Amino acid sequence: MFFAKQTIQNACGTQALLSVLLNKDNEIDVGSQLREFKDFTAALPAEFKGEALSNSQLIRDVHNSFSKSSPFVDETEMPTEDGDAYHFIAYTSINNILYELDGLHSAPISHGFSTAEEFADKVVQVLQRRIARYPAHEIRFNLLAMVKDLRVKAHEIGDQEMLSREEQKRSAWRFENALRRHNFLGFTGELLKEIASAKLKENPDAYGNWLESARQDTIQNPEV
């Protein structure tokens, strides 16, 4: 079994995905680089596996390719008692045992017998027990499933409509991710300067009137 301790901040999502993926390498082709990584770390304790994850250039590059650009937020800052801390945990069936793989724990947690076919039903029960520990009004939970690429399924069944739909989704994802990585602060600053300059050239009152109009619009439509 592959299990690694989480040794760096803000990487729990990536680590949860890898915790599932590297324990399913007998079922799917994870590629030569991840296969070599798993073989290299096989004899290491969980803490050293976590260090190896954080030092892997491949994993770091892929993880960072989905990170957001922010000139103000320090994403290495530890969460405080007053702040919200979010964390991803992996659940998967390994050798007919349902395991919880949480990098903040010292070892995997067994939730009992579960075949691959029973996994979907049994993991729901585990998740419901976990959610029940929180106040009834708490709704900030996020559930992600690692599934087979639907483009592969579309090819197998010859469904061109599904294939086209999946390709369009991935094109949109690439565009959204490119926007998330880009820092628009400089562009926004230059745009505002050009607008202000144009308003001042109109007449001395145009700039002030424009700001007042924007302020009134904000008051009337605070959610826009």
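The questions below concern the fold and one helix pair of a predicted model.

Q: How many helices and strands are there in the protein chain?
A: From the N terminus on, the order of elements is α-α-α-α-β-β-β-α-α-α-α-α. The protein chain thus has the two kinds of element, in these numbers: nine helices and three strands.

Q: Is the protein chain a compact globule or more spread out?
A: For 224 residues the globule rule gives 17 Å, and the radius of gyration is 24 Å, well over that value. The C-alpha atoms fill a box of roughly 75 × 50 × 40 Å along the principal axes. Buried residues account for 24% of the 224 residues. On the radius of gyration, therefore, the protein chain is more spread out than a compact globule.

Q: Are helices α6 and α7 roughly parallel or roughly antiparallel?
A: Helix α6 covers residues 150–157 and helix α7 residues 160–181, and their axes lie 8 Å apart. The angle at which they pack is about 160 degrees, and angles over 145 count as roughly antiparallel. The orientation of α6 and α7 is therefore roughly antiparallel.

Q: Which hand does the crossing of α6 past α7 have?
A: The two helices pack with their axes 8 Å apart. The crossing in which α6 passes α7 is left-handed.

Q: How do the residues of the contact of α6 with α7 divide into nonpolar, polar and charged?
A: From α6 the contact takes Leu150, Arg151, Ala154, His155 and Ile157. From α7 it takes Met162, Leu163, Glu166, Glu167 and Arg170. These residues divide into five nonpolar, one polar and four charged.

How values were computed: Residues numbered from 1 in each chain as written. Predicted model: local features only at pLDDT ≥ 70, side-chain atom pairs only at ≥ 80, totals over all residues. Heavy atoms only, no water. Axes fitted to C-alpha atoms, helices over the stretch in contact; angles between N-to-C directions. Helix = DSSP H or I, 4+ residues; strand = E, 2+ residues; numbered from the N terminus. Parallel < 35°, antiparallel > 145°, perpendicular 65-115°, else oblique. Left-handed = near helix turned anticlockwise from the far one by under 90°. Contact = heavy atoms within 4.5 Å. Nonpolar A, V, L, I, M, F, W, Y, C, P; charged D, E, K, R; others polar. Rg over C-alpha atoms; globule rule 2.2 N^0.38 Å. Buried < 20%, exposed > 50% of the residue type's maximum accessible area, 1.4 Å probe, protein only.
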